[in-house]
Amino acid sequence: MKFMGIAADDSNDTRIGVVQGDSVAPLTTLVEFWQDPFAWQQRAAAGAAGAALPLSSVREVPLVPASARVLCVGLNYKAHAAEGNFEVPEYPTIFGRWTASLSVGGVPAPVPTGEAGLDWEGEIAAVVGARIQSADAATAESAVFGYSVFNDLTSRRAQKLTAQWTLGKNGDFSGPMGPLVSRDEVGDLRDGLQLRTRVNGIEVQNGNTRDMIFSVGDILALVSQTLTLHPGDVLVSGTPEGVGYVRTPPWLLQPGDSVEVEVDRLGTLTTPIVNASARDRA
């Protein structure tokens, strides 16, 4: 089952809807859904969603609550660590995004002032569906509600100013996220999903989740030893090899470019790149 966040153009009332081909059936409010998403999935399967609306008649918005913790993992694919001349880490490198940086497919992402461009990082986001505290990997994995395509668009100049990555990972509209596909339709990432990123139609990344160093369950279990995870929290699981800054010469996204991330079973996420004037919308 596929879910997306929707809002009327004249309203801030965000709802969760069930995607049905070229339409979406409103289900409940964003807040109510994340109180017990597994229960709402069962209700949706039983026909509890409202009348379907054409996708063209609604505005897609990020489907996680404003209170969500968005935890991202760096260097989680062996080949990506190798292309940056990094050793395979003993523990996952975790950094945070604010929900204010999140966006959806089709929304332009601006290149910040002073940046030579944006770098692409096609990824898969796992969204938590049940409380996780001091859990083992299997328990943490079972608490995942579903998965989404994600693009961790990165401001490399800002990222490299210090050892902390926060600034470069939180540009305006730099975290586009696709609709959420329930875990039962995706399966275990360790079984292998292909992830491809294209810039203006040219393939720049082609990796498989079998190359992940740390599994989603392992990472969530580790995090849960320190902080309690709640429904709606997001784990962005890392990018495969092929990012732009390691190329010779570096290749970064410029205004007018279009970047697509496609993942098996999850779909395709498209983001147009624009100049810094689009930050006025933030």
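## Aromatic pairs, a buried valine and empty space

By the centre-distance rule, with rings pairing if their centres lie within 6.5 Å, the count of aromatic pairs comes to eight. In one of these pairs the rings of Phe33 and Trp34 have centres 5.0 Å apart and planes at 90°, and because planes over 60 degrees apart count as edge-to-face, the pair is described in that way. The structure discussed here is a predicted model. Both Phe33 and Trp34 are buried, and ring pairs join Phe33 and Trp34 with Phe3, Phe38 and Phe145 into a cluster.

Charged side chains also meet aromatic faces, as the table sets out.

| Charged residue | Ring | Distance to ring centre |
|---|---|---|
| Arg43 | Trp40 | 4.3 Å |
| Arg281 | Phe173 | 4.2 Å |

In the pair with Trp40, the charged end of Arg43 sits over the ring, while Arg281 lies over the face of Phe173.

Two members of the aromatic cluster, Trp34 and Phe145, return in the surroundings of Val128, a residue placed in strand β10, which spans residues 122-128. Is Val128 buried or exposed? Its relative accessibility is 1%, and because buried means under 20%, Val128 counts as buried. Leaving aside neighbours within four places in sequence, Val128 is in contact with Trp34, Ala143, Val144, Phe145 and Leu220, and also with His230, Pro231, Gly232 and Asp233. For Gly232, which is 104 residues from Val128 along the chain, the separation of the two C-alpha atoms is 5.5 Å.

The remaining features concern empty space. Rolling a probe the size of a water molecule over the atoms shows where such space is left. The largest pocket holds about 460 Å³ of space, and of the 22 residues lining this pocket, Pro62, Thr99, Ala100, Leu102 and Ser103 are the closest to its centre. Strands β5 (59-61) and β8 (102-104) each contribute at least two residues to the lining of the largest pocket, and by class that lining has 13 nonpolar, six polar and three charged residues.

How many cavities of 30 Å³ or more does a search of the whole structure find? The search finds one, and the largest cavity contains about 30 Å³ of space. Its lining is made by Pro110, Pro112, Leu118, Leu153, Thr154, Ser155, Gly168, Gly171, Asp172 and Ser174; by class, these comprise four nonpolar, five polar and one charged residues.

Definitions and conventions
Residues are numbered from 1 along each chain as its sequence is written. This is a predicted model: local features need pLDDT of at least 70, side-chain atom pairs count only at pLDDT 80 or more; totals for chains, interfaces and linings use all residues. Side-chain values use heavy atoms; hydrogens and water are left out. On a 1 Å grid over the protein atoms alone, a cavity is a set of points where a 1.4 Å probe fits but cannot get out, and a pocket is an open set with protein on both sides within 12 Å along at least five of seven lines; lining residues have an atom within 4 Å of a point. Grid points are joined across faces, edges and corners, and a volume is the space filled by probe spheres set on the points. Ala, Val, Leu, Ile, Met, Phe, Trp, Tyr, Cys and Pro count as nonpolar, Asp, Glu, Lys and Arg as charged, and the others, Gly among them, as polar. Helices (H or I, at least four residues) and strands (E, at least two) are DSSP runs, numbered from the N terminus. Buried means under 20% relative accessible area, exposed over 50%, partly exposed in between (1.4 Å probe, protein chains only). Contact means heavy atoms within 4.5 Å. Rings of Phe, Tyr and Trp (its six-membered ring) pair if their centres lie within 6.5 Å; planes under 30 degrees apart count as stacked, over 60 as edge-to-face and the rest as tilted. A charge sits over a ring if NZ of Lys or CZ of Arg is within 6 Å of the ring centre and within 35 degrees of the ring normal.
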